[in-house]
Amino acid sequence: MSAMTFPTPTPAEWRALAEKALKGRPLESLVHLDADQLAVRPLYAAATGVEPVFAPRPSDADGRAWDLRTLVEGDDPAAVNAAVLADLQGGAASVVLKGAVADSEPLSRALDGVALELAAVGLDAGLAGPEAANALAVAAKGSPRARLMFHMDPVSAFAETGEAPRSMEEHLTLAANTAARHASAYPEAAFFLASGRVAHEAGGSIAQELAFAASNAVALVKAAVAAGMSAEQALKGTVLGVAVDQEYFDGLAKVRALRLMWRSICAAFGVQTPAMIEARSSRRMLAARDPWPNLLRLTAAGFAGAVGGADAVVLDGFTRAEGRPDAFARRQARNTQLVLMEEAHLGRVDDPAAGSWYLDQRTRELAEAAWAEFQMIEAEGGIVEALRGHLIQPRIARARQTLEAALSNDAAQLVGVTKYVDPEPRPAAAEPVPAPTIEGGGGACVPLAPIRLAAPFEAEGATR
């Protein structure tokens, strides 16, 4: 029995059929420019000279190719402890704590019953990162196998608030000295979080976010080396942070692009070490008036992080736009990842995105655009000087305006906000968020304040 063969259409034949489906519109009408002014095309082919991007990760016996990480917030140690244990017992592999974490006594109570050698614990303490790191080191009781994630990221906190109690040089030095002090006692620890999410949440483009993360990493590693750590120690102890949203193709390409940039950063320091990437779901994509479609957006974000090759994925509760997620919302966030792992089996495929000409090309173009932006920041004196000199902020503002214009003129949509709006949405519970206390007196810059893309549409609907 002879094998069936199918004719291979030529590009001209494909174009003719595509334009017929477009009812006479030219194929070029499908090309659009993103916020980085990169062209996104309707058809891609094997690009000459473009190396395929391959991001395989080993899976364990349960198909867990990434770390299911949860975020627990709160100021009451007993309540935080109950939430942490519920997450770990419910399938999470690690947790990040935000709240009263700068003192060892309440932090130890919040971690009562947590085996730090098995479950990694991280911190989200802003400019109080060194104090929180010291508290976590005390809570770990000197166990060399404790999997601690100090996650010190003073630059992001400074960029978001625009204020700091000390100069940023002092904050970087304090973070670096804290890391150097704990490096020998906790060899399994991660010390720094070089995140670019603050640029994303302020409305920045993908290239701007990646460039911010890269320049943030360089500032942290340089400070660590000055504090006596080796470049290899500092690079291995740095986690890269990015945001992923409902645009899952761009999200997974973003994660892969960051790995390409990391190779070049490591080469500049004369070190080879793999990137460790933590992908957190975007907050600017979330709706408040009708939070239920956020579940779909968060699922897409989790898919992007998992397929893109992130080492850890953190999904917010779907009620985040209204306040701190309650137990039900945290459970939904955790279970979304469990479904992706254990029902969709994303972790059982070595590299689900391998072989896509579109994703390879998009990844390469994003990496090149981000690298150009990174070089610009470094030429401006580095991330701190670029923030203090008000050089980054206007560029991010222009990208934000592009995003907002696309939603306003229907070139982009938010389900449940700009399209398919439920006239009578069901409310969902959320816990109030205490107003942050910002201590100034030291460094200052124009803040990269977070936005929420749905907010103006929700406000407009409320006034009708």
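**Reading cavities, strands and backbone angles**

Student: How many nonpolar, polar and charged residues are in the lining of the largest cavity?

Tutor: That lining has 6 nonpolar, 3 polar and 9 charged residues. Here Ala, Val, Leu, Ile, Met, Phe, Trp, Tyr, Cys and Pro count as nonpolar, Asp, Glu, Lys and Arg as charged, and the others, including Gly, as polar. The model is predicted, so local features need pLDDT of at least 70 and side-chain atom pairs count only at pLDDT 80 or more, while totals for chains, interfaces and linings use all residues. Residues are numbered from 1 along each chain as its sequence is written, and side-chain values use heavy atoms, with hydrogens and water left out.

Student: How many cavities of 30 Å³ or more are there, and how much space lies in the largest?

Tutor: Rolling a probe the size of a water molecule over the atoms shows where empty space is left. A cavity is a set of points, on a 1 Å grid over the protein atoms alone, where a 1.4 Å probe fits but cannot get out; its lining residues have an atom within 4 Å of a point. Points are joined across faces, edges and corners, and the volume is the space filled by probe spheres set on them. In this model there are 3 cavities of 30 Å³ or more, and the largest holds about 160 Å³.

Student: Which residues and elements line the largest cavity?

Tutor: Its lining comprises 18 residues, with Leu71, Leu315, Gly317, Pro325 and Arg330 nearest the centre. Elements are DSSP runs numbered from the N terminus: helices (H or I) of at least four residues and strands (E) of at least two. β3 (67-74), β11 (324-325) and α12 (327-342) each supply at least two lining residues, and β3 gives the most, with 6.

Student: What lines the second largest cavity?

Tutor: This cavity, with about 60 Å³ of space, is lined by 14 residues, of which Gly74, Val80, Ala100, Val101 and Ala110 lie nearest its centre. Two or more of the lining residues come from each of β3, α2 (77-89), β4 (94-99) and α3 (104-110). By class, the lining has 9 nonpolar, 2 polar and 3 charged residues.

Student: Which strands form the closed barrel?

Tutor: Strands of a sheet pair through backbone hydrogen bonds, either parallel or antiparallel. Two strands are taken as paired if DSSP finds at least two bridges between them. Here a closed barrel of 8 strands runs β3-β4-β5-β6-β7-β8-β9-β10, with parallel pairing. Its neighbouring strands are turned by 30 degrees against each other on average, direction ignored, using axes fitted to C-alpha atoms and angles from 0 to 180 degrees between N-to-C directions.

Student: What joins β3 to β10?

Tutor: β3 and β10 (residues 312-314) run parallel and are joined by 3 bridges; leucine 68 has valine 313 in β10 as its bridge partner. Elsewhere in the barrel, β5 (residues 120-123) is joined to β6 by 2 parallel bridges, with glycine 122 opposite methionine 149. β8 (residues 238-244) pairs with β9 in the parallel sense over 5 bridges, and valine 244 is partnered by serine 281 in β9.

Student: Are the residues of β6 buried or exposed?

Tutor: A residue is buried under 20% relative accessible area, exposed over 50% and partly exposed in between (1.4 Å probe, protein chains only). In β6 (residues 148-152), 5 of 5 residues are buried: Leu148, Phe150 and Met152 on one side, Met149 and His151 on the other. β9 (residues 277-281) likewise has 5 of its 5 residues buried, with Ile277, Ala279 and Ser281 pointing one way and Glu278 and Arg280 the other.

Student: How far apart are the end C-alpha atoms of helix α10?

Tutor: The expected span of a helix is 1.5 Å times one less than its number of residues. For the 21 residues of α10 (residues 248-268) this gives 30 Å, and the end C-alpha atoms are 31 Å apart, which agrees. Because 15 of these 21 residues are buried, α10 is largely enclosed by the rest of the structure. Leucine 252 is located in α10 and is buried at 1% relative accessibility. Its C-alpha lies 3.8 Å from that of glycine 308, although the two are 56 residues apart in sequence.

Student: Where is glutamine 37, and what is its phi?

Tutor: Most residues other than glycine have a negative phi. Glutamine 37, in the loop between β1 (32-33) and β2 (39-40), has a positive phi near 60 degrees and is exposed at 53% relative accessible area. Tyrosine 420 has a positive phi near 55 degrees; this residue lies in the loop between α15 (392-408) and β12 (430-431) and is exposed at 65%.

Definitions and conventions:
1 Å grid on protein atoms, 1.4 Å probe; cavity = no way out; pocket = protein on both sides within 12 Å on 5 of 7 lines; lining within 4 Å.
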